[in-house]
Each structure stands twice: as structure tokens, then as C-alpha cells.
Amino acid sequence: MFLEPSVRPRRKPSLTPMIDVVFLLLVFFMLASRFGTDAMLSLPLAAGGGVYSGPPRLIEVGSNDVKLNGIVVADIVASVAPLTETMNDTLILRGGAETPLQRIVDVTQTLRSAGYTSVVLVE
């Protein structure tokens, strides 16, 4: 009828220490991780005004193509070169309604890597 002193009911283990360790690991990995690098692309808007001279240089960026003054071009850098006198001439960039932002950034970086310094974004 009496329980022997050596036979005790088993205690359930406490989960509190394990939860503490999981939260500490979560905080550690959140602080130690780099989810991506931030990059800045300075791209002035045309609303700022400015002086424009020379032939028209409207670059329309579509989802699958790039048009210069309404004509589809394969190499935008080679096509813009005859229309500019210097690398500081203003190039007007316009994205289509369905154009992903990354596509506009790619075209802008292509022009900047070729040496063009004045690329303006319009709606």
C-alpha cells in the first residue's frame, strides 16, 4: 500500500532552459547575418530641371528590349555614342509600365560603366 522510498514518480523535464537557448541562438544569428548588401544608385529625376542641348536621346527601357528614340537597339552604348558630343550630355531614361526596376538599374549601370555621367529618369 505504501510506496517504497526508492520508487518516485518521474518528473517531466523543464523546457524553459531549452527555450532560452533557442531564443539566444535566434538573436545571435539575426545579428550576425548579412541578408544583402545595400547599394545606392544616384539617379536624378527630370523634375529638377536643367539644360538640355543636342539631338533627342530618349531611352525607353522595356521588359525585353531597349529603344533609343523609338527604335529598338541591341547595343545601347554604341547607339547613343553618335548622338552625344561629350560623356556629360544628358540621357533621358524612361521605363515602361511593366518594366521591372532591376531592368532599369541594369541599363543605367551599363551606361554609367561606359562613361556617361548624366542619366536622368522620367516617368
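Helices and strands in this tour are DSSP runs, numbered from the N terminus, and the model you have open is a predicted one.

**The whole chain**

Begin with the entire chain in cartoon view, where three helices and five strands can be picked out; followed along the sequence, these elements come in the pattern α-β-β-β-α-β-α-β. Of the 123 residues, 20% count as buried, and the accessible surface amounts to about 9800 Å², with 62% of that area belonging to carbon and sulfur atoms. If you display contacts between residues at least 6 apart in sequence, 71% of them join residues at least 24 apart.

**The sheet**

Next, select the five strands together, which form an open sheet in the order E3-E2-E1-E4-E5 with mixed pairing. Its edges are strand E3 (71-73) and strand E5 (119-122), each of which pairs on one side only. Looking across the sheet, you will find a twist that averages 35° from one strand to the next.

Start from the E3 edge and select strand E2, residues 66-68, which is joined to E3 by three bridges and runs antiparallel to it; within this pair, Val66 stands opposite Val73 of E3. Moving one strand further, E1 and E2 are also antiparallel, again over three bridges, and the two form a hairpin that leaves four residues between them. Here Val66 turns up again, since Val61 of E1 stands opposite Val66 in E2.

Keep E1 selected and show its side chains: Ile59 and Val61 make up the covered face of the strand, whereas Leu58 and Glu60 make up the uncovered one.

On its other side, E1 pairs with E4 in the parallel sense over four bridges, and Val61 stands opposite Gly95 in E4. Continue to the E5 edge, where E4 and E5 pair in the parallel sense, likewise over four bridges. Two residue pairs are worth labelling in this part of the sheet: Leu91 stands opposite Val119 in E5, and Leu93 stands opposite Leu121 in E5. Between these two strands the chain passes from E4 through H3 to E5, making a β-α-β crossover that is right-handed.

**Helix H3**

Which strands does H3 lie across? Select the helix together with the sheet, and you will see that H3 lies across strand E1 (58-61), E2, E4 and E5, running at about 165° to E4.

Within helix H3, pick Thr108. Is Thr108 buried or exposed? Its relative accessibility is 0%, so Thr108 counts as buried, the cut-off being under 20%. The side chain of Thr108 has a polar partner in the backbone oxygen of Ile104, which it reaches at 2.8 Å.

**The loop before H3**

Now step back along the sequence to Thr99, which sits in the loop between strand E4 (91-95) and helix H3 (101-113). Although Thr99 belongs to a loop, its relative accessible area is 12%, which places Thr99 among the buried residues because that value is under 20%.

What does the side chain of Thr99 reach at 2.8 Å? Draw a distance from that side chain to the backbone oxygen of Val61, and this is the pair at 2.8 Å. A second distance, from a polar atom of the Thr99 side chain to the backbone nitrogen of Gly96, comes to 3.0 Å. Leaving aside residues up to four places away in sequence, Thr99 touches Val61, Gly62, Ser63 and Ile104. Two of these names have appeared earlier on the tour: Val61 belongs to the covered face of E1, and the backbone oxygen of Ile104 is the one reached by the side chain of Thr108.

**After helix H1**

For the last stop, go towards the N terminus and select Ser33, found in the loop between helix H1 (16-32) and E1. With a relative accessible area of 33%, Ser33 is partly exposed, because the value falls between the 20% and 50% limits. Show its side chain as well, and note that one of its polar atoms lies 2.5 Å from the backbone oxygen of Phe29.

Notes:
Residues are numbered from 1 along each chain as its sequence is written. This is a predicted model: local features need pLDDT of at least 70, side-chain atom pairs count only at pLDDT 80 or more; totals for chains, interfaces and linings use all residues. Side-chain values use heavy atoms; hydrogens and water are left out. Buried means under 20% relative accessible area, exposed over 50%, partly exposed in between (1.4 Å probe, protein chains only). A polar contact is a pair of N or O atoms within 3.5 Å; within protein, one must be able to donate a hydrogen and the other to accept it, and residues adjacent in sequence count only if both atoms are side-chain atoms. Contact means heavy atoms within 4.5 Å. Two strands pair if DSSP finds at least two bridges between them. Axes are lines fitted to C-alpha atoms, for helices over the stretch in contact, and angles run from 0 to 180 degrees between N-to-C directions. A crossover is right-handed if, with the strands pointing away from the viewer, the path from the first strand over the helix to the second runs clockwise. Accessible areas come from the Shrake-Rupley method with a 1.4 Å probe; for residues, only the protein chains shown count as cover.
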